Structures are given as C-alpha cells and as structure tokens.
Amino acid sequence: MYDALTTRYTFSCPVHGEARVLLSSFRRLERLPGTAHPAVYRVEFACGCGGEHPGLVTHDDLDWAPLGLGEHRSFLNLMTSRLDAAAGELGEVNVRRLEGGAWPWSFFCYPEERPRPVFPSSFALLAAEGPRGLVGVAVHCPVCGRVSVNLVSPEHVDLPFHNDAEVGVVEHVFGADAAALVEEFRAELHSASFDVRRLLLG
Ligand SMILES: [Zn+2]
Ligand SMILES: [Zn+2]
C-alpha cells in the first residue's frame, strides 16, 4: 500500500490498472464513518492518467507507514514517545527524531496564530494549483478543531520531517461544513491572498 522507499501509495486505476502516487497527489481525504479498528479513510487522488480516482487508506498507512512505524505505532505517542516493540531501521531513526521533539508534519493554524504538529489524517483537501508549484492544503487542526489553509511545497507534504521554513497562510476562518469547505477552499486558493508565516520549527 505505502512504499517508504519511494514515498508512494499504490491504488488501482481504471486506465492503467495501478497507480503509484505521492501524498501531495491526494485531493480529498475523509474518514469513513463507523470505522475504528482500523480507521479507514476514503481518498480521491490525482492519477498519472489525468483522472481522479477514489481509494481507501488505513489510518496506519496515512500517518505511520511514512515514518516506518506502520505496525508499531500503537506504542507511540507523538509528543511523549516510547517504542516498546522493535521497529525497522527507518522506524528507529524516526522514533529518535520524534523523541527529540521534531515534527514529521506541521502547519500554521490561522485561528490560533501558531504552528502546530499534525498528521496526514488531519488533511482534508489538497490542490496542486497553487502559485510556483506550491500545494494548497486544508488542515483540520487537531487542537482547536478549526480548518486552516496553507500553501506549502510538495516535499512539505510528501517527506516526513521536511518542514518548509515559511508557508503561505490564507487569512480566512473556514466554516465546519464539509461541502462549503470545498467551495471556500477553491475560492481562497484562487484569490492569492496569502500571508507568509514562519513555522519556526527546530
Ligand atoms: Zn488513473
Ligand atoms: Zn488550531
């Protein structure tokens, strides 16, 4: 499903049979109601064939497989981590980074006016049409629950621990309604009214 070497997810494509895509090629993520062990997310991704297709991703594949911790994350808490089971080499390196306080993913929460650590399962919408090849990402803040839209490099999304020093922030407080969010996300991305904020991460 997720290949840590190529940082790509494998889905099925009705044209090519198989599609291998980066996280930044995801367009929409939504947790399937009623799924818990494991939680499953329905995603739509932009495919190499030019279309957009649906796919399913487990919570572990979204948040922990990129860290090499897909099977061990139940022992891990982001801020106070302890890994009891033996993870692979990649997992060990990343656990040390987490213990050192590094954030694998982050975003700037506009309502709170501060950077926050986050996991891909908190991403709601992504769009590739930002200026200068940047990716627009709508994030549900895990702390305040509100949505912020940041403009980031594809690497900021695709590579754990690759945090942009500065990100574009849409100065707009988004509503909670999912359908309205899609509309607002599009409108704000094209308005190009971004303010640059420093993530100021270690
Ligand atoms: Zn396709
Ligand atoms: Zn927040």
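These are short exercises with worked solutions on a predicted model of a protein with two zinc ions.

## Exercise 1: The overall picture

Find how many helices and strands the protein has, and what share of its residues is buried.

**Solution.**
Step 1. Count the elements. The secondary structure comes to 4 helices and 13 strands.
Step 2. Turn to burial. Of the 202 residues, 47% count as buried.
Step 3. Look at contacts between residues at least 6 apart in sequence. Of these, 48% join residues at least 24 apart.

## Exercise 2: The site of zinc ion (ligand 1)

Identify the protein donors of the zinc ion (ligand 1) and name the geometry of the site.

**Solution.**
Step 1. List the donors. They are Cys13 (SG), Cys47 (SG), Cys49 (SG) and His53 (NE2), at 2.1 to 2.3 Å.
Step 2. Place them along the chain. Their spacing reads C-x33-C-x1-C-x3-H.
Step 3. Check the angles among the 4 donor atoms. They run from 99 to 119 degrees. Four donors count as tetrahedral if all angles lie between 85 and 135 degrees. The site is therefore tetrahedral.
Step 4. Compare with the ideal. For four tetrahedral donors, the ideal angle is 109.5 degrees.
Step 5. Check the burial of two donors. Buried means under 20% relative accessible area. Cysteine 47 has 11%, so cysteine 47 is buried. Cysteine 49 has 28% and is partly exposed.

## Exercise 3: The site of zinc ion (ligand 2)

Describe the site of the zinc ion (ligand 2), then explain which parts of the chain Cys109 and Cys144 tie together.

**Solution.**
Step 1. List the donors. Cys109 (SG), Glu112 (OE), Cys141 (SG) and Cys144 (SG) lie 2.0 to 2.4 Å from the ion.
Step 2. Read the spacing. Along the chain it is C-x2-E-x28-C-x2-C.
Step 3. Name the geometry. The angles among the 4 donor atoms are 103 to 122 degrees, and the site is tetrahedral.
Step 4. Locate the pair. Cysteine 109 sits in strand β7 (residues 106–109). Cysteine 144 sits in the loop between β10 (135–140) and β11 (147–152). The pair therefore ties together parts that are 35 residues apart in sequence.
Step 5. Check burial. Cysteine 109 is buried, at 0% relative accessibility. Cysteine 144 is partly exposed, at 25%.

## Exercise 4: The faces of helix α2

Work out why the buried residues of helix α2 line one face of the helix.

**Solution.**
Step 1. Name the buried residues. In α2 (residues 89–99) they are Gly91, Asn94, Val95 and Leu98.
Step 2. Look down the axis. These buried residues fall within an arc of 110 degrees, so they line one face.
Step 3. Recall the general rule. An α-helix has 3.6 residues a turn, so residues three or four places apart point the same way.
Step 4. Inspect the other side. There, Glu89 and Arg96 are exposed.
Step 5. See what follows. After α2 comes glycine 101, with a positive phi near 95 degrees.

## Exercise 5: Two residues and their surroundings

Is serine 24 buried or exposed, and what does histidine 59 touch?

**Solution.**
Step 1. Place serine 24. Serine 24 lies in the loop between β3 (19–21) and β4 (26–31).
Step 2. Judge its burial. With a relative accessible area of 9%, serine 24 is buried.
Step 3. Name its contacts. Beyond neighbours within four places in sequence, serine 24 is in contact with Leu126, Val135, Pro154, Val157 and Asp158.
Step 4. Turn to histidine 59. Histidine 59 is in helix α1. At 22% relative accessibility, histidine 59 is partly exposed.
Step 5. Name the partners. Not counting residues up to four places away in sequence, histidine 59 touches Ala39, Tyr41, Trp64 and Ser121.
Step 6. Add a distance. Histidine 59 and tyrosine 41 are 18 residues apart in sequence, and their C-alpha atoms are 6.8 Å apart.

## Exercise 6: Cavities and the largest pocket

Find the volume of the largest cavity and of the largest pocket, and say which elements line each.

**Solution.**
Step 1. Count the cavities. The whole structure has 2 cavities of 30 Å³ or more.
Step 2. Take the largest cavity. About 40 Å³ of space lies in it.
Step 3. Name its lining elements. β7, β10, β11 and α3 (154–158) each supply at least two residues. Among the lining residues are Phe107, Val139 and His156.
Step 4. Take the largest pocket. Its volume is about 270 Å³. Of its 17 lining residues, the closest to the centre are Leu29, Glu30, Ala124, His140 and Ala178.
Step 5. Name the pocket's elements. β4, β9 (123–127) and α4 (178–191) each supply at least two lining residues.

Conventions. Residues numbered from 1 in each chain as written. Chains lettered and ligands numbered in written order. Predicted model: local features only at pLDDT ≥ 70, side-chain atom pairs only at ≥ 80, totals over all residues. Heavy atoms only, no water. Donors = N, O, S within 2.8 Å, 3.2 Å for Na, K, Ca; no water. Tetrahedral: all angles 85-135°; square planar, octahedral: opposite > 155°, others 65-115°. Buried < 20%, exposed > 50% of the residue type's maximum accessible area, 1.4 Å probe, protein only. Contact = heavy atoms within 4.5 Å. Arc of directions from axis to C-beta. 1 Å grid on protein atoms, 1.4 Å probe; cavity = no way out; pocket = protein on both sides within 12 Å on 5 of 7 lines; lining within 4 Å. Points joined across faces, edges and corners; volume = space filled by probe spheres on them.
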